[in-house]
Number of protein chains: 2
Amino acid sequence: MATGAARPRRATIHDVAAEAGLSRGTVSRVINAERYVSDEARVAVEAAIARVGYVRNTAARNLKTQQSHAIGLIVHEPHSLFLEDPVIGAILLGTNAILSEADYQLVSLVIDSDRDSDRVAEYLSGGFVDGVIIISARSGDPIAHAVVKLGIPAAFVGHPPDIEGIPFIGIDNFAGAKAITERLLATGRRRVGMIASALDRDSGQDRLAGFRAALGDAFDPNLVVDYPLYSHGTGLSGMRQLLSRAPDIDGVFAASDSIAAGALDGLREAGRRVPDDVGIVGFDDSAWALRCQPTLSTVRQPADALGRLAAERVLSQLRGEQVPKFGTLLPTSIVWRDSA
Amino acid sequence: MATGAARPRRATIHDVAAEAGLSRGTVSRVINAERYVSDEARVAVEAAIARVGYVRNTAARNLKTQQSHAIGLIVHEPHSLFLEDPVIGAILLGTNAILSEADYQLVSLVIDSDRDSDRVAEYLSGGFVDGVIIISARSGDPIAHAVVKLGIPAAFVGHPPDIEGIPFIGIDNFAGAKAITERLLATGRRRVGMIASALDRDSGQDRLAGFRAALGDAFDPNLVVDYPLYSHGTGLSGMRQLLSRAPDIDGVFAASDSIAAGALDGLREAGRRVPDDVGIVGFDDSAWALRCQPTLSTVRQPADALGRLAAERVLSQLRGEQVPKFGTLLPTSIVWRDSA
DNA sequence: TTGTAGGCGTTATCAA
DNA sequence: TTGATAACGCCTACAA
């Protein structure tokens, strides 16, 4: 046993076979729900399993089948994302739900440094996992490339910038941005601006495009500012800039909740009331949304579904099925709170 | 291999032995850093390993040694904690660091429902993990009791309310609360109150005791309010109550950052400036701390160390060493920002 | 110090 | 439909 404290020996197929008065082969067939087992035998085996308290030995099975029955979930940037973003947690939960149904173990691999990155790459090539789900891969990601090279069944959550041939699951940033902007306009706002961000990424571009589509002819490029980072600081600076350009602004779409939180502070320092003077909406429905004062109206990502679908994509590949080598975009929903 | 896409067969000890011109036994001894291996043999084996790209087959090793070389990290309440509390993430990182050094795989087991709880209990009894780290166990926790019953090497992070015989690693809530209150007093505050919480738990009691100790004779029970939950709502209500009891209050120790955030909003609605009129400090150094306006002065938990130590406790037990059956309290530190 | 060989618990192939 | 029997890759006495 694993430790000095003597735990009782676990029952094996051998014990079950003896108990049921059948062969190990038959027991194995029952356990794996194979065909060619008589009902009689099945019942006897199931009873025996219950009596001796049999639990399958994973190591032996893995050794024999040459599979690990484990799927790796690779998460980057723990400090900024894993630790704070509820979206990641929800993805993890969704993934876990699907995988455990299918009798697969989820192994979370956190990448926190270059050393981790190397170690994980080695881990993957060691056959410790049968498949991989990668969250928030970035351009030039070494792990993503290692996965492609090794040919491990994989799926991305979020659109990887420069990888081909691996399915990904993302959200419809365009539709989400368009929908919430329309909702904001429906509250009667006349001068609506946007604090855009990360225009070098799909998510940033698509959110801006959605905003523009919602405004149609009323779109005014002068009311759009953009910054590289989805951050509180971006929101603060962006709001100041917007206010100086258009003091009569009465609505703002922030490209993320963190930006919206910053914008809220910008509005506060300018003495504007939210939502009375200015309505503001965000994107992500992240931890910020509920902590802001007032709470944020925003776009919710179906994070749980993102995780579930990614897991299903990997499992499909494991079954040898064809999976779309392109992406799947999931719809978002609007959460309307107090900020607009 | 795991999938249809044919990946090359992995090299085994057999291949390495052939390549090095030695026996499998010797190769195994080199791999496991055992004694009685000549330098000559070691060098030859290491070269052969590199040449054939050998990676140890975990399943075979686990089968032979009857160990899983995996440690479970059990986290409860994902929605309220795992997903939002950076402390949990840091604990995870610390645990992972120690475990991977010792060649153990960390398996995160998230408990999200009663069904999960049963499944995890079964998982544990299945020998899938050699040891367990349990975060934030609560009174009557079924998993905690299952662990005790199974006799699996384990460690708690945080003080479990009603479990004996398992080491735990916690923080010194008393000292942390005392220190930050003293710091608050040192800024010249004269009327300092506290919004206490969770007085049915050690953490809540100890934080209140620390506050009281710091004030000494100046302690005024009238300036302490308490609520059951560590939450934003608690902070808002608590601050209102404190303001009505003592309009001249100029300092507040909130029992958690979330409470401090609520108190900040309470102060804002009353037109008090922070830190000019009232200084406020929190506890945890959680995600709230940096998102508040102004940012929070608070008590930081050594979350990383918490995780590392818990991992070490479990590894010690695995080695058959005696570990303290009682708790270890780690010191906290103060992070001074803008709210006081 | 090195080599040999048995067996860990499964699954899968082949006969029966 | 069932039973016997090889592996899977590794560790570890024990023998040399």
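## The sheet of chain A

Strand 1 (residues 70-76) of chain A pairs with strand 2 of chain A in the parallel sense, over 7 bridges. Two strands count as paired if DSSP finds at least two bridges between them. Strands (E, at least two residues) and helices (H or I, at least four residues) are DSSP runs, numbered from the N terminus. Within this pair, A70(A) stands opposite Q105(A) in strand 2 of chain A. The model is predicted: local features need pLDDT of at least 70, side-chain atom pairs count only at pLDDT 80 or more, and totals for chains, interfaces and linings use all residues. Residues are numbered from 1 along each chain as its sequence is written, chains are lettered from A and ligands numbered from 1 in the order in which they are written, and side-chain values use heavy atoms, with hydrogens and water left out.

Strands 1 and 2 belong to an open sheet of 6 strands in chain A, with the order 2-1-3-4-5-11 and parallel pairing. Strand 2 (105-111) and strand 11 (327-330) of chain A are the edge strands, each pairing on one side only. On average, neighbouring strands of this sheet are turned by 20 degrees against each other, direction ignored. Angles of this kind run from 0 to 180 degrees between the N-to-C directions of axes, which are lines fitted to C-alpha atoms, for helices over the stretch in contact.

## A sheet in chain B

In chain B, 4 strands form an open sheet in the order 7-6-8-9, again with parallel pairing. Its edge strands, each paired on one side only, are strand 7 (224-227) and strand 9 (279-281) of chain B. From one strand to the next, the twist averages 15 degrees.

Strand 6 (residues 192-197) and strand 8 (residues 251-254) of chain B are joined in the parallel sense over 4 bridges. Here G193(B) is placed opposite V252(B) in strand 8 of chain B. Strands of a sheet pair through backbone hydrogen bonds, either parallel or antiparallel.

## Domains of chain A

Chain A is divided into domain 1 (13-56), domain 2 (70-170 + 304-328) and domain 3 (173-300); the bounds come from an automatic or database domain assignment. Taken over C-alpha atoms, the centres of domain 1 and domain 2 of chain A are 36 Å apart.

For residues 11-65 of chain A, UniProt lists "domain: HTH lacI-type" in an unreviewed entry. Such positions are given in the numbering used here, feature names are shortened, and annotations may be inferred rather than shown by experiment. Over residues 11-65 the chain is 69% helix and 0% strand, with 20 Å between the end C-alpha atoms.

## Around DNA strand C

DNA strand C has 27 residues around it, and I13(A), Y54(A), T26(B), R29(B) and S38(B) come nearest. A residue counts as near if one of its heavy atoms lies within 4 Å of the strand. Of the atoms of DNA strand C within 4 Å of the protein, 62% belong to sugar and phosphate. By class, the residues near DNA strand C are 8 nonpolar, 11 polar and 8 charged. Ala, Val, Leu, Ile, Met, Phe, Trp, Tyr, Cys and Pro count as nonpolar, Asp, Glu, Lys and Arg as charged, and the others, Gly among them, as polar.

Both chains make polar contacts with this strand, including one between a phosphate oxygen and a polar backbone atom of S23(B), at 2.9 Å, and one between a phosphate oxygen and a backbone N or O atom of N57(A), at 3.4 Å. A polar contact is a pair of N or O atoms within 3.5 Å; within protein, one must be able to donate a hydrogen and the other to accept it, and residues adjacent in sequence count only if both atoms are side-chain atoms. A base oxygen of DNA strand C is 3.5 Å from an N or O atom in the side chain of K64(A). Helix 2 (24-31) and helix 4 (58-65) of chain A, with helix 2 (24-31) and helix 4 (58-65) of chain B, are the elements that give two or more residues to this surface.

## Around DNA strand D

DNA strand D is surrounded by 25 residues, the closest being R24(A), T26(A), S38(A), I13(B) and Y54(B). Sugar and phosphate make up 66% of its atoms that come within 4 Å of the protein. A phosphate oxygen of DNA strand D lies 2.6 Å from a backbone N or O atom of I13(B), and another such contact, at 3.3 Å, involves a backbone N or O atom of N57(B).

## Backbone details

The peptide bond between V274(A) and P275(A) is cis, with omega about 5 degrees. P275(A) sits in the loop between helix 12 (257-269) and strand 9 (279-281) of chain A. In chain B, the bond from V274(B) to P275(B) is cis, with omega near 5 degrees.

A33(B) is not a glycine, yet has a positive phi of about 50 degrees. Its place is the loop between helix 2 and helix 3 (39-52) of chain B. Most residues other than glycine have a negative phi, and most peptide bonds are trans.
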